[in-house]
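Work through the two exercises below with the model open beside you, and try each task before reading its solution.

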Amino acid sequence: MNIEANKVAGALLSTLLVVMGLQMVSGIVFTPHKPAVPGYDLPSAEPAAGGAAPAAAVEDPPIVERLAKADVAKGEKATAACKACHTFDKGGANKVGPHLYGVYERNEGTVEGFAYSAALKGRTDKKWDADGLDHFLKNPKAYVPGTAMSFAGIGNAQTRADVVAYLNTLADSPKPLPKP
Ligand code: HEC
């Protein structure tokens, strides 16, 4: 054996030692730790199952109180978000959604010629009153599961009341809004 062969053999041997050493160390560090109950070992920062997020726990003031200080002009502004899908004028066409002229106190799902979802077709015995509109506009899919209205909702409770007050003006004779 010449000196070069010895060097190579030495290098191989030390590499082997390093690899074995690493295996031992990683074995110590990474030995899997089996949780007592599978799936329940992670410390969780999330609220307990079923617990509402803190923000949602704050109750909105009743719709009648919000309507009492509603601002129709602000409500009209907020409906810019609806105009991609709805018309608001008398005799307006149906678009992605039905026309909304006279929607206040109109029976749900009853605009002629509009293809409602089965969810709304099943609610034609109900009217769109202030409370229903408030809930629907807060979270359409939560209030009418299965609705075809793809709209996330208006988070601000006063803005929803403003919109309800504005929707009520879209009628030949607006209805009296409920009072506190
Ligand atoms: C992406 C389109 C889209 C947007 C944006 C949208 N809507 Fe709708 N809306 C729909 C559709 C589609 C329906 C019919 C739902 C169904 O059949 O389930 C509907 C239904 C409704 C209804 C029930 C009408 C009826 O005749 O029963 C109301 C009230 C309503 N929308 C109000 C609003 C308001 C107010 C806004 C804005 C804040 C809005 N929508 C934004 C698509 C939309």
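Donors are here taken to be N, O and S atoms within 2.8 Å of the metal. The model is a predicted one.

**Exercise 1.** Identify which protein atoms are donors of the iron atom of the ligand, and determine what arrangement the donor atoms make.

*Solution.* Applying the cut-off, one finds that the protein donors are His86, through NE2, and Met149, through SD, which lie 2.0 to 2.1 Å from the iron atom. Next, the angles subtended by the 6 donor atoms around the iron atom run from 85 to 179°, and the arrangement is therefore octahedral. Locating the two residues in the chain, histidine 86 falls in the loop between α4 and α5, while methionine 149 falls in the loop between α7 and α8, so that the pair links distant parts of the chain, 63 residues apart. Finally, histidine 86 counts as buried because its relative accessibility is 11%.

**Exercise 2.** Trace which residues are linked with Asp134 in a network of salt bridges, and state where the partners lie.

*Solution.* Begin with arginine 66, whose side chain meets that of aspartate 134 in a salt bridge of 2.9 Å, N to O. Because arginine 66 belongs to helix α3 and aspartate 134 to helix α6, this pair ties together parts that are 68 residues apart in sequence. Aspartate 134 also forms a salt bridge with arginine 160, again with 2.9 Å between the closest N and O atoms, and arginine 160 lies in helix α8. Both aspartate 134 and arginine 160 are buried, as is arginine 66. The network is completed by Asp60 and Lys138, whose side chains meet in a salt bridge of 2.9 Å, N to O.

Methods
Residues numbered from 1 in each chain as written. Predicted model: local features only at pLDDT ≥ 70, side-chain atom pairs only at ≥ 80, totals over all residues. Heavy atoms only, no water. Donors = N, O, S within 2.8 Å, 3.2 Å for Na, K, Ca; no water. Tetrahedral: all angles 85-135°; square planar, octahedral: opposite > 155°, others 65-115°. Helix = DSSP H or I, 4+ residues; strand = E, 2+ residues; numbered from the N terminus. Buried < 20%, exposed > 50% of the residue type's maximum accessible area, 1.4 Å probe, protein only. Salt bridge = Lys/Arg side-chain N within 4 Å of Asp/Glu carboxyl O.
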